[in-house]
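Trainee: I am new to this structure, and I would like a close look at one single part before anything else. Please begin with a detail that I can find by eye, and then work outwards from there at a careful pace.

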Amino acid sequence: MTDPVAAVEIEGVTKRFGEVVAVDNIDLAIGDGEFFALLGPSGCGKTTTLRMIAGLDLPTEGSLRIFGEEVGMAPPDRRPVNTVFQAYALFPHMTVRQNIEFGLRMRGIKNPELRQRVAEATGMVRLAGMEERRPDQLSGGQQQRVALARALVNQPKVLLLDEPLGALDLKLRQEMQQELKALQREVGITFVFVTHDQEEALAMSERIGVMSEGRLLQVGTPREIYDRPASRFVADFIGRTNILEASVESASTVRLDNGALIEAETSTPEGSRVAVSLRPERVRLQPRGTTAAEGSSLDGEVRDITYLGHAVVYEVAAGPVSIEVRVEGEVGEPFAAGDEVTVAWDRGAAAVVAD
Amino acid sequence: MSGVVEVGLGRRTRRGLAVWAWVVFAFLYVPIAVLVFFSFNASARVNIWGGFSLGWYGEALRNDVITSAIRVSLIVALISTVVSMVLGTAVALALDRYRFRGRRALDGTVYLPIVIPDITMAVMLLVFFAEAFKLIDSFGPRLTLGISTVALSHIAFNISFVCVVVRARLDQFDRTLEEAARDLYATGWQTFRRITLPLIMPGVAAGGLLALTLSLDDVVISAFVTGPGSTTLPVYVFSSIRRGVTPELNAISTLMLTASIALVLGSLALQRRRASASQQTQIL
């Protein structure tokens with residue numbers, strides 16, 4: 001980061017639970033006011049990373065700073081961060097109001113400031129009028145809002161969210177995605193959220209950190225992560241993709257294992273083994289013989305057609321490899337199984353990823 | 001229940017079972033009814049009805065030995081309940097949360113007082129007190145069996161019962177609630193005081209109620225470790241029965257019965273209130 005002071009700065013942090021390395025030497029800087037997602041499959045260390053920022057787990061090695069202040073070993077009550085827990089962790093024996101007040105009371109904040117800040121927070125998450133209810137009298141979405149208000153009322157410098165939408169059904173989840181984004185813009189603080197849902201990460205965050213097996217594989221904007229994955233894992237984990245084995249021929253060409261030479265920018269040295277990631281929606285299907293002026297293409301035969309309503313997915317066999325082609329917004333199906341076709345794509349659609 | 005579909009039972013079988021149920025019922029409750037009935041007997045002869053009278057209740061409550069025994073029982077029950085609630089909850093928390101040297105051994109042995117026969121426990125405690133007194137007396141004081149040894153013994157078995165009940169409650173406890181409290185600036189103690197304790201309180205209270213009942217009820221262990229002037233009510237009843245049943249004993253027993261029924265009804269009412277509260281929340 002070029003920012004003078006990052007909101008969260010993680011340097012060489014490792015977390016071991018006995019023999020198991022949950023987080024393996026990661027470096028990460030999250031900017032002030034950023035909406036940042038930690039994305040990865042379960043067990044990749046993303047939640048442990050979040051818990052270390054919150055102070056619920058302590059790093060085995062490394063340094064962790066929040067706005068320049070070293071907090072790696074500080075207990076959670078000494079950090080300017082608050083957490084929205086996965087299943088909300090609302091206190092069942094307290095009302096909504098008592099839940100929201102809890103953090104303020106623990107810090108000795110008294111009326112009238114207490115009352116005013118609670119009112120602000122309940123208003124912000126549209127919970128006014130529900131203050132005297134208990135958590136089990138609320139719907140999942142409302143519980144989520146209480147958890148948000150309970151954290152935000154403390155005016156943390158960083159809000160941590162652990163799979164905040166995981167417990168909601170699809171429709172509510174999409175609604176809450178928009179609401180969370182709006183809320184983050186409103187309060188203007190850094191949001192760090194953990195999710196295993198790549199669509200959620202792409203839709204919500206300004207930057208994404210992809211994790212796997214305790215390591216941070218790539219950090220970038222959703223577009224960078226999707227279009228220029230840094231590794232085979234990232235390419236495969238984010239969205240659907242075709243992975244073609246290849247070796248580097250020159251700085252602008254790679255040779256696929258089936259012999260075809262295609263255009264693709266790469267900084268990997270000549271002769272290295274690489275993989276080429278081709279997004280199904282970035283490739284076209286053409287009748288055999290109509291080669292495009294620029295870009296690359298592969299000849300093949302349509303094997304299978306899957307109708308998805310808003311899109312049609314063709315499975316094309318090109319020699320030993322199978323390529324998925326996704327066509328959207330086309331009327332009818334111009335190709336049938338068994339047709340000889342050419343799969344073509346523009347220069348730049350193919351991304352070379354290291355192994 | 002009338003709504004249940006009965007399968008494969010003939011009418012005669014059903015009638016037979018109903019009769020049998022009444023026999024069992026009578027077996028359980030007729031002795032109690034007899035006891036209560038004769039406690040109101042005006043006659044001094046236990047098994048001959050001489051008209052209704054509350055005289056034996058008055059007689060019992062005027063008897064200094066009996067009122068003293070009642071007092072001892074209540075003091076012992078109260079002290080042992082409070083102490084075992086605190087210690088039993090502490091043990092349950094330690095076993096649930098911490099990994100320490102000897103944890104597994106403690107985990108296995110903490111329940112022993114529940115399964116050990118009362119008589120073994122009684123002999124064991126008596127021997128323990130005798131040895132301990134010998135040791136302490138060598139430094140000067142002359143300790144004897146009395147109300148404190150009875151209370152200590154009751155604490156010794158009550159801890160186990162409280163511990164079992166509280167651990168069952170802790171099993172369902174969601175630890176992220178404590179993390180949430182820590183995240184919201186609560187210190188370790190505040191977290192325990194505001195979150196953990198209120199949420200396991202039903203278990204602690206249930207354990208305490210159990211301890212209270214067991215303490216008020218105990219004969220064998222108390223009889224062994226009691227000393228002069230510190231006889232508990234059950235021990236008094238047991239020792240006087242050897243001199244024959246008197247209507248006075250009937251009256252005392254009825255009083256004890258009433259007290260324990262009141263305790264059970266109280267705890268049931270408590271549970272029902274909690275249950276209906278949570279039912280209400282489900283409807284909403």
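**From one residue pair outwards**

Mentor: Glu9(A) stands opposite Ala29(A), a residue of strand E2(A), and this pair is a good place to start, provided you keep in mind that the model is a predicted one. Follow the backbone from there and you will find that strand E1, which covers residues 8-17 of chain A, pairs with E2(A) in the antiparallel sense, over seven bridges. In general, the strands of a sheet pair through backbone hydrogen bonds, and they may do so in a parallel or an antiparallel way. These two strands belong to an open sheet of four strands in chain A, whose order is E2-E1-E4-E5 and whose pairing is antiparallel. Strand E2 (20-30) and strand E5 (69-70) of chain A are at the edges and have a single partner strand each, so each of them has one side left without a neighbour in the sheet.

From the sheet we can step back to chain A as a whole. The domain assignment of chain A gives domain 1 as 8-227 and domain 2 as 240-353, and the C-alpha centres of these two domains of chain A are 40 Å apart.

Chain A also touches a partner, for 17 residues of chain A are in contact with 16 residues of chain B. On the chain A side of this contact, the elements that give two or more residues are strand E6 (81-84) and helix H2 (96-106), and H2(A) provides the largest share, with three residues. Sorted by class, the side of chain A that touches chain B holds eight nonpolar residues, five polar ones and four charged ones.

Chain B itself, on the other side of that contact, has 12 helices and zero strands, and its pattern along the sequence reads α-α-α-α-α-α-α-α-α-α-α-α. Its radius of gyration is 24 Å, whereas a compact globule of 284 residues would have one near 19 Å. Taken along the principal axes, the box that the C-alpha atoms of chain B fill is roughly 75 × 70 × 35 Å. Of the 284 residues in chain B, 29% count as buried. Among the contacts in chain B with a separation of 6 or more, 75% are between residues 24 or more positions apart.

Note on methods:
Residues numbered from 1 in each chain as written. Chains lettered and ligands numbered in written order. Predicted model: local features only at pLDDT ≥ 70, side-chain atom pairs only at ≥ 80, totals over all residues. Rg over C-alpha atoms; globule rule 2.2 N^0.38 Å. Buried ≥ 20, exposed ≤ 12 C-beta atoms within 10 Å, placed from the backbone. Contact = placed C-beta atoms within 7 Å. Nonpolar A, V, L, I, M, F, W, Y, C, P; charged D, E, K, R; others polar. Domains from an automatic or database assignment. Pairing = 2+ DSSP bridges.
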